[in-house]
Amino acid sequence: EGVDEALRSNIRAYLGASPQNEADAERFILGAPERATRALEAMGYYRATVELEVDRSASPWRGTVQVAPGEPLRYTAVDLRITGPGESDESLARVLQEQRPDTGDVLHHGRYELLKETLQQQARRRGYFDGVFDEAQITIDVSADTAALRLVFATGPRYRFGALRVDGEEQDRALVEQLSPVIEGEPYRDDRLVLLRQRLLRPGYFRGVTVQPLVEERSDGQVPVRVDLLPAAAHSYEVGVGYSTDTRQRVSLVWQSPRLNRWGHSQETSLRWSPVNPEARFTYSIPLDPASNDVLQLVARLEDNEYGDLESNQRELSVRREETAGARVSSIHTRVLDEEWGVFSDSFSANFVLAGATLSQRYRKGSAVDPELGLSQFYSLEGATKAVGSDEDVLRLYGSLTGVYRLGENWRAVARGEIGQLWSSSRRPGKLPPSLAFFAGGDNSIRGYAYQSVGREVSARSLEAEDETSAESLVVGGSRLVTGSLELQRYFGESWRGAVFVDAGDAFTEDFHTNVGVGFGIHYLSPVGALRVELANPVTRDGGAWRVHINIGAEF
């Protein structure tokens, strides 16, 4: 008692765990005042008085530490200097600038030790392996409640990269040399080693990579770098199960071969089944420039899918070039699509040769499964023409944005929007492939509406004849898409949060109709992302019933 929360926490840390028997309790009582005093001095309170009162009649005994902290010691002089070749190194100067105490600040031994540790660590990251403190002292005058700090760090020479030492097969050594940003003779930088490790792990050839400087073997101003590689298995298999209200139960089997030959070619074969969209896919990848993660992919795909009231069967062959630069992924592709779809007794087919490009970029701050700040963007452009074998002229644009923002300690906002436009030379609904049309509704669209149940509606008997006399209508998708969502979340502890939301939008061709869904939910923050159980109502649909939406995963 008698101290603020910061001092109280430090005293508790110095006291340690409560004793579990009477003998330990007596020893604890004898040493408690001294430990509490040391805890106070560590935070600059050298003139504190500490008394311990023990109630032995309680069970267990109850001890109360009474503290009168007094006035803390404050800095009257602060002298921090860097000498040697690193004197002009901006990264070292930044450590002093960000962590230096000012005159008038309370003496805090923990922050002083942190400053020394951070400065020495940063020096090692920059290659000053011989750096030492020529002076490191705090002079205190308890009677005057003052302290003076003097810190002089001598960096010594900055080492340069030496030779790379790689244990492994010849093709592994060649790959390391190709990917390495570590150039012998250049000034040492720890971030270059981190980048090398990331580049080596990215293609999937290795299941473990260690990159470390051999500091003890430094000589002649250079430090060698050792690279240890643990090759990945020649083949790996994954089995997965899942569930969402959009696609219902899911089962997947994935077979991967990360390195098929000395050129680093790889393959992935996946079989995924759900009642809505079973799929088989084969991807053969050829690295064009592993250093920039530039990959050429050859893909074959078979898929059955449900779009609104349409059932679609797709066969596709594609060539895709994908480049990854940090959080940005861009691609160009050409794909041949053969699609068949039917509604009741009507059946249709179309063939397209589509060329396009995509761009996605993500920024995230905080946990991957529950980011406190983030923005995800995705854009695609795709087109086809009769001149190169397509049944129709088509141009399709699509874009989506998702943003996350933490509002204080307990609140979080999530916003999402998407927009799309499809131009086609055909005005007949039967000529529009479902996979190219736009639909809305479902877990990640307009909640309260069934998966892809929002879209242009036409008469079942008018799909070929354009006869609008039939009263029976079917959702066949639209040529335009606009949706938006706003969600407010409230945290309850570390693993739970509640949410309220409103979603709106439409997939349409001519007239836009606002479809609105509102609802609430509870989210459990699991290690693989939030498990979301939500109830939503389609408020703009007469007699619309509440729908349950279940999904798992992070926003990004």
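**Close-up 1. Who sits around Phe438 in this predicted model.** Skip the residues within four places in sequence, and Phe438 is in contact with Arg396, Leu397 and Tyr398, with Gly420, Gln421 and Leu422, and with Ala507. The run Gly477, Gly478, Ser479, Arg480 and Leu481 also makes contact with Phe438.

**Close-up 2. The largest nonpolar core, with Phe438 among its best-connected members.** This core counts 26 residues, and Phe352, Leu354, Phe438, Ala440 and Leu481 have the most contacts inside it. Strand 15 (328-343), strand 16 (346-366) and strand 18 (394-407) each put in at least two residues. Strand 16 gives the most, with four.

**Close-up 3. A second core, separate from the one above.** Here 21 residues come together, including Val182, Val209, Val211 and Val215.

**Close-up 4. A three-stranded open sheet in the order 3-5-4.** Pairing in this sheet is mixed. Strand 3 (74-83) and strand 4 (132-141) are the edge strands; each has a single partner, so one side of each lacks a neighbour in the sheet. On average, neighbouring strands are turned by 5 degrees against each other, direction ignored.

**Close-up 5. Strand 4 next to strand 5.** Strand 4 and strand 5 (residues 146-154) run antiparallel, and nine bridges join them. If you want a pair to look for, Phe133 stands opposite Phe153 of strand 5.

**Close-up 6. Helix 4 lying across the sheet strands.** Helix 4 (residues 109-125) lies across strand 3, strand 4 and strand 5. Relative to strand 4, helix 4 runs at about 170 degrees.

Note on methods: Residues numbered from 1 in each chain as written. Predicted model: local features only at pLDDT ≥ 70, side-chain atom pairs only at ≥ 80, totals over all residues. Heavy atoms only, no water. Pairing = 2+ DSSP bridges. Axes fitted to C-alpha atoms, helices over the stretch in contact; angles between N-to-C directions. Contact = heavy atoms within 4.5 Å. Core = buried A, V, L, I, M, F, W, Y, C linked by side-chain atoms within 4.5 Å. Buried < 20%, exposed > 50% of the residue type's maximum accessible area, 1.4 Å probe, protein only.
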